[in-house]
Every structure is written in structure tokens, then in C-alpha cells.
Amino acid sequence: MSLKHKIVVILFLFIFSLSFMSEYNTLELQAYSPASTNYTVYYSKYDSVLFIPTQMPLHGTYMHMLSLNSTIYMVSSERFYSSSFQGSNVHLRDNYAIYYITEGTLKNEEINYTISIRDGMFITVHSSPQLIRVLVNSQGMLKVVWAGYLVTTGSVTGYTYINNSAEVILQYLNGTSVLNITVTVNPNSNVSGHLNTFLMNSQITKIISYLRTSIVTINMPKRYSNIYSLVTLHNNSIGLIERYNVTVSQLNGTLVPAIYWNGSSSVNFNNTIPIVKQPISNRGEIYSHYIGFYGINGSLIGFISTKTFSSYSQKSFIIGGKITSSMIYTSQMIVFINGHKAIRTVSINIMHLNNVYLAIAITVNGSLESTANINFTHTVYISTPGILAKVSVNSTTYYIVAFKNNYTAQVHTIKPLSTLNTTINYNNSKYFAEEVNINSSGYVLFNVTLVHNLARVIVLEKTSSGLMQLNSSDYFIVNNTVNIFTDPYSTYYVIYPTISTSVPTTTSATSSSTTNTSVPLSSTSTTISSKLSYYIIIGIVIAIIIVISIILLRRK
């Protein structure tokens with residue numbers, strides 16, 4: 001192959017590689033995979049069942065191991081924590097144990113306890129012995145956040161969610177009964193107390209203990225959609241329909257936009273009594289609850305998933321005897337998307353738009369949070385600071401405005417009735433201007449195509465008191481179009497401060513553009529200029545190579 005042909009081939013391969021690199025980088029920037037999202041995950045599951053004989057038979061061999069002063073306690077627990085989890089499936093180890101507990105002696109005891117709640121989600125209890133459960137009653141659900149048996153004085157921890165206030169119930173085994181201590185707490189609490197009481201000491205024996213493996217999936221419901229979830233409880237699958245509700249909720253000490261999903265169902269299934277090997281019916285209500293927290297531009301900050309069930313049952317035997325069963329089950333998952341966080345809000349509100357509810361919040365740094373996706377924001381000022389935003393819910397787009405005084409409203413996009421080229425006297429000067437006539441009420445957003453391509457114009461509104469200049473934040477230019485946000489009058493003037501006052505021969509024109517198409521994302525012009533610069537650089541490089549090739553050929 002001649003040198004000329006070699007140079008042509010090299011040149012072709014180089015140009016091809018440039019185009020390949022360009023396409024590769026574009027795909028890399030546009031690609032997004034949920035599997036690459038980095039999470040902080042807290043998960044716990046407790047399944048606690050207490051079997052207490054309340055009446056013994058006169059005869060019968062299968063109950064020879066039980067007596068009126070004994071208790072069977074079954075506990076299953078799973079815990080998981082990761083500050084940098086990726087993926088969707090969490091692999092767990094389930095610690096399963098059965099305890100046989102007999103009564104000791106009755107003594108006058110002082111039970112001491114300290115309950116600490118942090119950020120409404122993390123609970124620590126320091127307690128005297130014989131603690132078997134820590135329950136939290138909040139938002140209409142009773143949850144077990146820790147279960148086991150505290151042999152000596154010590155501390156236990158758990159996960160929960162407390163929005164405003166809740167009751168923490170400490171359960172102590174008192175022979176063949178349970179002693180409850182109830183304490184009211186808030187999302188950040190530190191409560192100490194003591195109780196002098198007669199408490200039956202217990203002797204506990206672990207008769208069964210083993211590990212099982214399980215998998216739980218990180219799965220957040222789609223916003224603004226009801227969901228169907230399947231809950232597995234003691235090998236029984238229960239289907240639930242969970243309906244959504246837009247609200248606001250506490251997260252890290254501030255209110256943020258949130259969506260709740262709630263579902264419940266009455267269930268009845270059999271459980272087997274250990275040792276006795278007899279079935280016992282469990283009848284109760286199972287609850288499923290999701291909370292999604294949303295931050296800047298509608299991004300997901302995190303979510304909480306809760307499944308809980310409790311029941312109280314009795315089993316009577318044909319030959320006599322009776323056993324009661326107290327069961328409570330809770331799985332709790334708290335997930336935060338790393339890099340997203342709740343920012344303290346200065347105003348927050350829920351607004352209604354065409355049968356859709358939106359939670360909207362303005363943060364201390366002037367950004368906007370919402371349960372809806374936010375595609376565009378612009379700072380405005382009408383009597384008080386606010387933010388104009390373009391939001392979308394299930395592919396439907398709305399314009400809204402949120403003010404720092406906690407007022408929100410829908411903004412209607414309209415077309416001007418007409419525009420007229422004219423001259424106008426303002427502040428003792430004569431200006432070339434466009435007169436714009438509209439007919440609407442409430443907050444509106446409209447646009448006017450500029451006759452002259454300027455970076456700055458002045459917008460006036462015609463009031464009963466004369467011409468008033470709009471706040472400069474209430475209008476902005478994008479792609480040679482001025483977009484005007486206002487609580488409208490009927491006539492506006494777009495003034496060109498640097499243009500001669502001579503009026504063109506065209507006297508009027510109807511605007512052909514609407515606000516929906518003239519307010520793009522702010523990155524549009526940057527993307528165009530960056531692509532143009534990129535191709536200019538490629539052209540220069542190619543030109544240099546061609547020149548070098550020609551010089552080399554001539555030398556030959």
C-alpha cells in the first residue's frame with residue numbers, strides 16, 4: 001500500500017474514532033441505571049409469640065411438659081444496616097429461638113428505664129432485666145421494634161418512625177403474665193423513669209435456636225399510583241391494596257413533601273404451638289404502610305416501609321386446658337438515597353390541581369421541593385418572594401407558584417389577544433414598545449416574541465394609577481421571547497430601552513407562540529453551544545491533519 005493510501009486510511013480511522021468517542025460519551029452522560037444508586041439502608045424484622053397456659057387438663061400426655069407456671073416464648077429477628085448499599089435484594093440471616101420459661105419467686109423490684117428517640121427513627125432503651133418487647137404505637141399502628149429477653153440490665157436498639165408523637169410500650173415478663181410500662185415520646189426524646197412493683201423472677205431455657213436465610217427487596221412505590229402488595233406471614237401470603245395520600249411529614253427535624261400509602265386487611269391463619277405441637281388460630285389486622293419523602297425538584301430523598309400484625313388468641317383442648325397466644329410481627333425498612341437530603345423549609349403547603357394534590361415547600365436556600373417532578377423554576381416577586389415552577393404528575397404538566405408566606409396557586413398559561421408596535425412615554429423618555437393585550441384572571445404566564453433581539457427589556461403594566469414597572473424577576477427572556485408572569489391587568493408594554501423611537505410600518509400582529517413551548521430547561525442553550533464548540537474543535541483537528549498529510553505527500 002502506498003504512503004498516500006496509508007495516510008487516507010489513517011485519516012479515515014481517526015475521523016471514525018472521533019465520531020465513536022462522541023457517541024460513547026453522549027450515551028454515558030444520558031445513561032441512568034437504578035442499580036447504580038447508592039443507598040443507606042436500615043432494616044429490622046421481629047416476630048414474637050408468647051404462649052401462656054391459663055388452664056391445665058386433668059389428664060393428657062401431650063401437655064406433660066407444660067404447667068400453669070410456665071411459658072413458651074418464640075422469637076424471630078433480622079437486622080441489617082449498610083451506609084453504601086447498591087442493588088435491590090438484601091440478603092439476611094434470621095435468628096430463630098424458642099425459650100421455655102418457668103416462674104421463680106415474687107419480689108418487690110424497682111424497674112428503671114431510659115428511652116431515647118433520635119430523628120424519629122432510631123430508638124434506644126436502657127432497662128432493668130426481664131424486658132421482652134419494645135413496642136411503638138404511632139399513626140394507628142402497633143409495631144414491635146425489638147423483641148428478645150433481657151437477662152440483665154442492658155440496652156437494646158431498634159428502628160421506627162415517629163412523625164409527631166407516639167407511645168412506647170415496654171413489656172416485661174412477669175411470671176405467666178406481661179407487665180406494660182407506657183411512655184409518651186416525640187421524634188427527639190430522652191425519657192427516664194422507674195416503677196416499684198412486685199415482679200415474678202423467671203428462669204429461662206433456650207430449647208431451640210438456629211439461623212435461617214431470607215431475602216428482602218428494596219422497592220419504592222410509583223408516586224401518584226395505588227399499589228398492590230403481597231405480605232408473607234408465617235408462610236401465609238396476604239394481598240393488600242395500598243392507596244396513596246399526599247401530605248407533609250417530619251424528616252430530620254423539618255417538614256418535607258411526602259406521600260403515604262396505606263393498606264390493611266383482616267387475616268386468620270393457624271400457628272403451631274411449640275412442644276405441644278397443636279395448631280392455634282391467629283386472627284387480627286395486618287397493616288402495610290409506605291412513606292416517600294421528596295426533596296429538591298421532586299427528587300426522592302428516601303422512604304420507609306412498614307408491615308405489622310398483632311393478635312391475641314386462645315386455644316381450648318377437648319380434654320380440658322387452655323393456652324393463650326400473644327403475637328406481634330413487624331418488618332421495618334428505612335432507605336435514604338445517598339447525596340439527597342432534607343433541607344429546612346421556610347414554607348410548606350398542599351395544593352389542589354384538577355383532582356391532583358401536590359405538596360410544595362420552599363427551603364431556606366430558595367430551592368423548591370415537591371411530591372411532583374419539577375422541570376423548571378424561576379424566582380418571582382409579587383408582594384412577597386416566590387418561585388414559579390413547571391411541574392408534572394403522571395405525564396400531565398402544570399405551572400404553579402409558591403410564595404414564602406405559605407400561599408400557593410396554579411398559574412394558567414395564556415396567549416395574548418394581540419400585540420401592537422407603538423411608542424410610549426415613561427419616566428420622561430420616549431421608547432419604542434410593544435403593546436400587549438390579554439384577558440384573564442388569577443396568576444398567568446404568557447410570552448411575546450421580541451421584535452428586536454435584545455438581552456434586556458422593560459415590562460410595564462397599565463393600572464388605574466398609571467403605568468407600573470413589573471419587578472424584573474417577573475419576566476425573563478428565553479430564545480428571543482420574553483416570558484411574563486403576573487397577576488394580570490389587561491394591557492402590558494414591552495419596552496426596548498436601546499432602540500430608536502421610530503415605529504415600524506407594521507402596526508399590529510397576533511402572537512403565535514404560547515408559554516408552554518417558550519420556557520425550556522435552562523440547559524438548552526448551554527448544550528447547543530457546547531456541541532457547536534465540540535464540532536469546531538474536530539474540524540480544526542481534521543484540517544491540521546489534512547495539511548500535514550499534503551505536506552508529507554509533496555515531500556515524497
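## Sheets, cores and salt bridges in a predicted model

Four strands, in the order β6-β5-β8-β9, form an open sheet with antiparallel pairing. At its edges stand β6 (141-147) and β9 (177-185), each with a single partner strand, so one side of each has no neighbour in the sheet. On average, neighbouring strands of this sheet are turned by 25° against each other, direction ignored. Such angles are taken between N-to-C directions and run from 0 to 180 degrees, with axes that are lines fitted to C-alpha atoms. Strands are DSSP runs of E with at least two residues, helices are runs of H or I with at least four, and both are numbered from the N terminus. Two strands count as paired if DSSP finds at least two bridges between them.

The model is predicted: local features need pLDDT of at least 70, side-chain atom pairs count only at pLDDT 80 or more, and totals for chains, interfaces and linings use all residues. Residues are numbered from 1 along each chain as its sequence is written, and side-chain values use heavy atoms, with hydrogens and water left out.

Within the four-stranded sheet, β5 (residues 131-138) and β6 pair in the antiparallel sense over six bridges. Ser138 has Met141 in β6 as its bridge partner.

**A second sheet**

Seven strands make up another open sheet, ordered β20-β21-β22-β23-β26-β30-β29, and here the pairing is mixed. Its edge strands are β20 (373-382) and β29 (475-478), each of which pairs on one side only. From one strand to the next the twist averages 30°. Inside this sheet, β23 (residues 408-413) and β26 (residues 444-449) pair in the parallel sense over two bridges. The bridge partner of His412 in β26 is Val444.

**Nonpolar cores**

A nonpolar core is a set of buried Ala, Val, Leu, Ile, Met, Phe, Trp, Tyr and Cys residues joined through side-chain atoms within 4.5 Å. Buried means under 20% relative accessible area, exposed means over 50%, and partly exposed lies in between (1.4 Å probe, protein chains only). The largest core has 39 residues, of which Ile115, Ile123, Leu131, Val134 and Leu170 touch the most other members. Elements that give two or more residues to this core are β1, β2, β3, β4 (122-127), β5, β6, β8 (166-174) and β9. Its largest share, seven residues, comes from β3.

Leu170 illustrates the surroundings of one core residue. With neighbours within four places in sequence left aside, the contacts of Leu170 (heavy atoms within 4.5 Å) are Tyr113, Ile115, Val125, Leu131, Arg133, Val134, Leu179, Asn180 and Ile181. A second, separate core of 38 residues includes Tyr39, Phe80, Val335 and Ala359.

**Salt bridges**

Side chains of opposite charge can pair when their charged atoms come close. A salt bridge is counted here when a side-chain nitrogen of Lys or Arg lies within 4 Å of a carboxyl oxygen of Asp or Glu. By this rule there are four salt bridges, including the three in the table.

| Acidic residue | Basic residue | Closest N to O distance |
|---|---|---|
| Glu78 | Lys45 | 3.9 Å |
| Asp94 | Arg212 | 2.9 Å |
| Asp119 | Arg118 | 3.6 Å |

In the pair with a closest N to O distance of 3.9 Å, Glu78 and Lys45, Glu78 lies in strand β2 (residues 70-85) and Lys45 in strand β1 (residues 39-55), so the salt bridge ties together parts that are 33 residues apart in sequence. Glu78 is buried at 4% relative accessible area, and Lys45 also counts as buried, at 10%.

The salt bridge of Asp94 with Arg212 links distant parts of the chain, with Asp94 in strand β3 (residues 89-118) and Arg212 in strand β10 (residues 189-217), 118 residues apart. Asp94 is buried, with a relative accessible area of 4%, whereas Arg212 is partly exposed at 33%.

In the third tabulated pair, Asp119 is partly exposed at 27%, and Arg118 is partly exposed at 48%. Salt bridges that share partners join Lys45, Glu78, Asp94 and Arg212 into one network.

**The chain as a whole**

The protein has three helices and 32 strands. Of its 556 residues, 49% count as buried. Among contacts between residues at least 6 apart in sequence, 66% join residues at least 24 apart. The exposed area is about 27400 Å², and carbon and sulfur atoms supply 52% of it. Accessible areas come from the Shrake-Rupley method with a 1.4 Å probe, and for residues only the protein chains shown count as cover.
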